[in-house]
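Colleague: Before we open the model, could you take me through the way you read such a thing, feature by feature, with the general idea placed ahead of the particular case?

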Amino acid sequence: MQLSVWTYEGPPHVGAMRIATGMRGVHLVLHAPQGDTYADLLFTMIERRNARPPVTFTTFQARDLGGDTAQLFSDAVRDAYARFQPEALLVCASCTGELIQDNPSGLAHALGLPAPVIALDLPSYQKKENWGAAETFYQLVRAFAPKTDAPRTPKPPGARFSCNILGPTALGFRHRDDVAEVCKILAALDIDVNVVAPLGASPADLARLPDADCSIVLYPEIAETAARYLERTHGQKIIRTMPIGQQATADFIAELAALAGIDPANRSFGDARLPWWSRSVDSNYLTGKRVFIFGDGGHAIAAARIARDELGFEVVGLGSYSRELARDVRACAEALGLTALITDDYLEVEAAIADLQPELVLGTQMERHIAKRLGIACAVISAPAHVQDYPARYAPQMGFEGANVIFDTWVHPLVMGLEEHLLAMFRDDFEFHDGAGPSHLAATPAPQPVPAAAPAAGDIAWSADAEKELSKIPFFVRGKARRNTERFAVERGLSVIHIETLYDAKSHFAR
Amino acid sequence: MSLAAPDTSPAETTRPILRERGQREVFCGLTSIVWLHRKIQDAFFLVVGSRTCAHLIQSAAGVMVFAEPRFATAIMEERDLAGLADANDELDRIVTQLLARRPDIKLLFLVGSCPSEVIKLDLHKAAERLSAAHFPRTRVLNYSGSGIETTFTQGEDACLAALAAAAPRDDANNLLIVGALPDVVEDQFARLFAEIGIARTDFFPARRADALPPIGPSTRFLLAQPFLTDTTRALEARGAKRIRAPFPFGAEGATAWFQAAADAWSIPEMEFRRAIAPHRARAKRALESHRQALEGRSIFFFPDSQLEPSLARFLSQELGMRPIEVGTPYLNQTLLAEELAQLPADCVLSEGQDVELQLDRCRAAKPDIAVCGLGLANPLEAEGITTKWAIELVFSPIHGFDQAGDLAGLFSRPLRRRAALKV
């Protein structure tokens, strides 16, 4: 057993849901108890998807366990096929489904449905979300782009180089915008995008994967297994450089251009503003700021390079919850003179941050909690993320535009340069003091006692009990409640506000 | 879950009930930990389960907002299942680790999950053992919040039923208000019961685990939440008597609820009316401003919290809304008898769920507003159906006179918003 306060990754079947939800034309049937449908809201609420994930749950209950849960599963598969008519069906069990050993694979195949059925074996008590996503994607690719003995059709002379973009999923951190940004780079290089998968792809698209000249692994946690398979069976070379950051984007372009035999010079890949923003004198104060980095392997490694070489920070800690990429993260940390923290134990990460006392934490939603508790500035660089990290605006992490976005995102939580000086000069200034948050972040609470509100209009006094009652109102509407109550009291010529006045006013202004 | 002990309350409703079995798009009982851990300030909830359980609690209701939660999951791993590690030894180790880190914890709940139930891990025995080891500093209790046994709010029911066992048995002749309520509502209720003339009112659960109210044969209790089937049974097993009432939603619901307690204490009618009148008038006035937005509008409830029949009664009786279908995960006809009697005759009452069929009915009925879970809300909005997330009804102060207007506002706001948006 492992004590877990927060978990960085969900169970592996949530990874399968991310693949199915990202794709078109597939449907996943999960043998899972009542309650596991919570995972739908990850997509409909956190990512604001406007359709339900293409997932059916058997939602068995205790009374079903005495009966025939296998029949329940078969019925669910048959009904789901009849209703949704997918091009392909995925079936698997969640953690409790795994324990009751109903054999979803055998049951689904026995139905003889007129669509391919891909059974997933996702060991819930050993593996986690990203592994589940990688395995699901790999099984789909294997099913629809099988190894063939037929020789590859030679490309017609003059045909453009083409590649597959592998790894983006539903609920991915900025996957939507990263794909758009990478596609722009490919267009600038006159390279064709053969298939983007799994995001937006159908099973028929997966069948076209072998047509490309190479694979771009955008997110190694998800696409590495499938890309290796395609390399093995279809001879597709793999581009592994994640184009996150100014230099990594340049490396990515160079690597791809070399593979495609294209000269990357004199082409426009977008406005790279990070270098100048970082060189401008205003950024001087960023020099040597101590940062702690934690996230999935790919994003953490990319962030370390940007932090040190592109913003001039000092990386004081680096870690990842991705055991699949532990070796790469360790190597990256070693190059920085650090020992990588490879763990999925939130408490261990918390202890490391508390110990290192960085000035900026670059992490996931979980590190945001830690930073909040410790009063340290924080920016999110990796999944798991919350609803505010799925923005409406275009906000890629990849490409030169991604580097621009990263500059802004990382600098924003910090106190501005000149303001730092004021804080240092006037320790007890009413506005610039130790406990004050950055002045452009109004929501940052100052740990100072809130001064008593300005006296109300006229001679109105709050009774102690009414004041206490007022304090129970959430802070974000408390000011409004105070104002309304006082206005109400003035209009009625009251001199003292009691609890009853507060509620009379509330009812008066109710709308 | 079964019905409460036989009762001589009004006969079961004669209304037909649509019972379906299919995919149930509902939370499991673990979800109620999200508000219970805020309510009982010195309690900690340790789920004994899988990574799915941990992921559920942090994802449900967007609770990734808590920086300092008092819940955690003991995640079972391959070696626990394979018997390589004795699950009980592992649990003891984790509890010791947890209590060392959080010495402020006075009450620890071991919460059972689907996997712990399926492998038949005996958490009751574990709680007894751990209580013996850590009492008096920390008491350890257990209940099941598993999805195979509980739906959403039934988690609170199971928790309170377990907690009842820890309450003192003194004879206090007290009025006990049962069900977790926001603190501000509790304070209002305490003041009003005092005004009515009831000498001692206690709340269950209490805000602190070491301040549990006495529960005994002279206790009479009033449910503040309709989903407390097992808790009712546990309290009755201690000799406490349930006061029958509808639930305190809206001016009428709250009046009848307070009246039921006043009658049980034989408070003269005039005194009761004098105490209640200004509150009732205030509630009515607050409701009036929402009437225009809601009157005549149709509403469709997907099953979620078991509050649905009570809310449908409130919205139809007090605001003139037209419930088309009132879905509930589980219908306790005894506890809800007073509410069911006041529901319009033409609305469909459904228990359980086949979400696909229910969505078909909802689309066909084109309600003005659908009340549903978070997994369904945005998809329905995208189809053009205005929705109210059901979970807000569990997370907001909605009980009693002074919240009547707020409760109506939860339903009128989505309609006003839809009318306001030009995009």
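Modeller: Let us settle one term first: helices of at least four residues and strands of at least two are DSSP runs, numbered from the N terminus. With that in hand, and bearing in mind that this is a predicted model, we can place A:Asn103 in the loop between helix H5 (95–100) and helix H6 (104–110) of chain A. Phi of A:Asn103 is near 60°, which is a positive value in a residue other than glycine.

Colleague: Which peptide bonds are cis, beginning with the one that joins A:Ala383 to its neighbour?

Modeller: A:Ala383 and A:Pro384 are joined by a cis peptide bond with omega about 0°, and A:Pro384 sits in the loop between E14 and H17 of chain A. In chain B, the bond from B:Phe204 to B:Pro205 is also cis, with omega near 10°, and B:Pro205 belongs to the loop between strand E7 (201–204) and strand E8 (220–223).

Colleague: How should I read the empty space, and how many cavities of 30 Å³ or more does the structure hold?

Modeller: Rolling a probe the size of a water molecule over the atoms reveals where empty space remains. Here there are eight cavities of 30 Å³ or more, and the largest contains about 290 Å³ of space. Its lining comprises 27 residues, and those nearest the centre are A:Arg18, A:Glu129, A:Leu171, A:Ala383 and A:Pro384. By class, the lining of the largest cavity divides into 13 nonpolar, nine polar and five charged residues. Helix H2 (51–59) of chain B gives the most to that lining, with three residues.

Colleague: What area is buried between chain A and chain B?

Modeller: As a general idea, an interface's size is often given as the accessible area lost when the parts come together. Between chain A and chain B about 6,400 Å² is buried, 57% of it from carbon and sulfur atoms, and the contact takes 70 residues from chain A and 81 residues from chain B.

Colleague: And how many salt bridges are counted between chain A and chain B?

Modeller: Side chains of opposite charge can pair when their charged atoms come close. The count between the two chains is nine salt bridges, one of them between A:Glu350 and B:Arg101, whose closest N and O atoms are 3.6 Å apart. Over all chains, the search finds 62 salt bridges, including that of A:Arg368 with A:Asp389, where the closest N and O atoms are 3.5 Å apart. This pair links distant parts of the chain, 21 residues apart, with A:Arg368 in helix H16 (residues 365–374) and A:Asp389 in the loop between strand E14 (377–380) and helix H17 (399–411).

Definitions and conventions:
Residues numbered from 1 in each chain as written. Chains lettered and ligands numbered in written order. Predicted model: local features only at pLDDT ≥ 70, side-chain atom pairs only at ≥ 80, totals over all residues. Heavy atoms only, no water. 1 Å grid on protein atoms, 1.4 Å probe; cavity = no way out; pocket = protein on both sides within 12 Å on 5 of 7 lines; lining within 4 Å. Points joined across faces, edges and corners; volume = space filled by probe spheres on them. Nonpolar A, V, L, I, M, F, W, Y, C, P; charged D, E, K, R; others polar. Contact = heavy atoms within 4.5 Å. Buried area = accessible area lost by both parts, 1.4 Å probe. Salt bridge = Lys/Arg side-chain N within 4 Å of Asp/Glu carboxyl O.
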